[in-house]
Amino acid sequence: MVSSPHDTMHQIFRKEPDLFARLLPRAGIAFPEYHSIETLDTDLTEIRPLERRVDSLFRVHTVGDDGGFLLAVESQGKPDPDKHNSWTYYLAYMYAKYRLPPVLLVVCQDKTTATWAAEPIRVGSPFHTSMQVFPMVLGPKTLPVITDPEEAAKDVPATAFSVLAHAKDPGLLAIMDEVAPAVGPHKDWAEIVEIGLGEGPARDYWRKLMDAYTPVFPGGGSVMEEAWRKVHADGEAKGEMRGEAKGEAKAVLRVLRARGVEVSESVRERVMACADLDVLETWLDRSLSVASAEELFVGEQGARRVQEEGRPGVTGRPSSS
């Protein structure tokens with residue numbers, strides 16, 4: 001289960017193994033032609049008292065008869081010299097166990113760690129190098145940020161990873177504003193981003209943007225889970241259908257508020273009074289992009305009346321003809 005920023009940075013590939021082939025070329029690293037990528041056991045323990053585990057491990061089946069290669073993924077939060085020993089061990093042991101060439105990919109969220117992780121690891125004496133490891137790195141220094149909404153919509157998993165890789169970018173909030181409409185409808189990826197951001201202002205802001213969606217990873221403490229629990233509690237109290245409609249209506253209003261769109265009392269009352277789930281879902285989709293709350297009802301009978309009710313001196317009742 002995805003439960004922390006550290007887990008998210010490598011487990012995102014377990015959910016979408018083909019993401020390697022799309023992200024690495026963005027960082028200037030060629031990825032060979034392949035036909036499948038297989039998740040492997042991460043336990044690399046050889047002697048039980050000394051337990052060692054790589055974060056995530058995959059076997060890439062390349063096109064041809066060469067057997068492919070192993071791809072070990074390590075999530076790194078800060079420079080740690082001890083990791084050089086661990087990574088060297090991982091690669092040597094994987095090569096001995098699987099008889100396949102191993103490759104190390106380090107994923108991180110800050111430029112300092114990315115620079116450190118990319119440094120070659122030299123093993124040997126001053127007069128001779130016995131082994132040298134060249135880690136690949138996916139992080140803010142190597143991976144261009146995705147901010148174009150159209151590009152974000154074309155590859156939501158890559159967009160989610162891009163947000164996490166640039167989690168410490170000073171312009172992160174602006175990045176999230178641009179990609180939220182693309183990621184938001186995909187509740188699993190929206191929740192992965194939230195958990196991956198960790199505690200802090202960035203996660204709080206993402207929670208506001210994603211306030212309308214439901215959880216995929218129960219126990220992660222995300223806003224989607226809280227909203228889901230509340231909606232289902234209402235459903236038990238007032239009937240499943242009525243509770244679901246009420247939850248959808250509240251979600252529409254929450255999204256508008258999170259985006260800074262002013263909601264008049266007449267709009268609020270109309271949304272909360274609606275019990276048609278299809279209509280509410282349409283309004284929820286529109287709430288992600290409308291410039292004014294009244295635009296929720298564009299093309300529907302009564303839109304003009306709702307707009308007029310918000311004007312001073314207007315009663316909101318249509319005149320008789």
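This is a guided tour of a predicted model, one selection at a time.

**Whole chain**

Start with everything shown as cartoon. The protein has 14 helices and 7 strands. Now colour by burial. Of the 321 residues in the protein, 47% are buried. Next, consider the contacts in the protein with a separation of 6 or more. Residues 24 or more positions apart account for 59% of them.

**Helix α1 against helix α6**

Select residues 5-15, which form helix α1, and residues 156-165, which form helix α6. Two packed helices are described by the angle between their axes and the distance between the axes. Here the angle is about 165°, and the axes of α1 and α6 lie 11 Å apart. Because angles over 145 degrees count as roughly antiparallel, α1 is roughly antiparallel to α6. The crossing of α1 past α6 is left-handed.

Show side chains at this contact. From α1, pick Thr-8, Met-9, Ile-12 and Phe-13. From α6, pick Pro-157, Ala-160, Phe-161, Leu-164 and Ala-165. What classes of residue make up the contact of α1 with α6? There are 8 nonpolar residues, 1 polar and no charged.

**Helix α1 against helix α8**

Keep α1 and add residues 187-197, helix α8. The axes of α1 and α8 come within 7 Å and cross at roughly 150°. Again the angle is over the 145-degree cut-off, so α1 is roughly antiparallel to α8. This crossing of α1 and α8 is left-handed.

On the α1 side, select Pro-5, Thr-8, Ile-12 and Lys-15. They meet Asp-188, Trp-189, Ile-192, Ile-195, Gly-196 and Leu-197 in α8. By class, the contact of α1 with α8 holds 6 nonpolar, 2 polar and 2 charged residues. Pause on Thr-8 and Ile-12. Both are listed in the contact of α1 with α6, and both are listed in the contact with α8.

**Helix α6 against helix α7**

Return to α6 and add residues 172-183, helix α7. The two axes come within 11 Å and cross at roughly 160°. That makes α6 roughly antiparallel to α7. α6 passes α7 in a left-handed crossing.

Select Val-156, Thr-159 and Val-163 in α6. Their partners in α7 are Leu-172, Met-176, Val-179, Ala-182 and Val-183. The contact of α6 with α7 splits into 7 nonpolar, 1 polar and no charged residues.

**The nonpolar cores**

Hide the cartoon and look at the interior. Which residues touch the most other members of the largest nonpolar core? They are Phe-13, Phe-20, Leu-138 and Phe-161, in a core of 46 residues. Helix α6 gives the most to this core, with 7 residues. Two of these names came up before: Phe-13 of α1 and Phe-161 of α6 take part in the contact of those helices.

Centre on Leu-138. Leave aside its neighbours within four places in sequence. Leu-138 is then in contact with Phe-13, Leu-23, Leu-24, Ala-27, Leu-105, Val-106, Val-107, Cys-108, Leu-143 and Phe-161.

Then move to a second, separate core of 20 residues. To find this core, select Val-252, Val-255, Leu-280 and Ala-293, which are among its members.

**Ser-56**

Go to strand β2, residues 56-62, and select Ser-56. Is Ser-56 buried or exposed? Its relative accessible area is 0%, so Ser-56 is buried. Add Thr-42, which is 14 residues from Ser-56 along the chain. Their C-alpha atoms are separated by 5.8 Å. Now show the rest of the surroundings. Not counting residues up to four places away in sequence, Ser-56 touches His-10, Gln-11, Arg-14, Thr-42, Leu-71, Ala-72 and Val-73.

**Lys-246**

Select Lys-246, in helix α11 (residues 240-258). Lys-246 counts as partly exposed, at 23% relative accessibility. Add Asp-276, 30 residues away along the chain. The C-alpha atoms of Lys-246 and Asp-276 are 9.9 Å apart.

**Arg-99**

Last stop: Arg-99. Where does Arg-99 sit? Look in the loop between α3 (82-98) and β4 (102-107). Arg-99 counts as exposed, at 65% relative accessibility. Check its backbone too. Arg-99 has a positive phi of about 55°, although it is not a glycine.

Notes. Residues numbered from 1 in each chain as written. Predicted model: local features only at pLDDT ≥ 70, side-chain atom pairs only at ≥ 80, totals over all residues. Heavy atoms only, no water. Helix = DSSP H or I, 4+ residues; strand = E, 2+ residues; numbered from the N terminus. Buried < 20%, exposed > 50% of the residue type's maximum accessible area, 1.4 Å probe, protein only. Axes fitted to C-alpha atoms, helices over the stretch in contact; angles between N-to-C directions. Parallel < 35°, antiparallel > 145°, perpendicular 65-115°, else oblique. Left-handed = near helix turned anticlockwise from the far one by under 90°. Contact = heavy atoms within 4.5 Å. Nonpolar A, V, L, I, M, F, W, Y, C, P; charged D, E, K, R; others polar. Core = buried A, V, L, I, M, F, W, Y, C linked by side-chain atoms within 4.5 Å.
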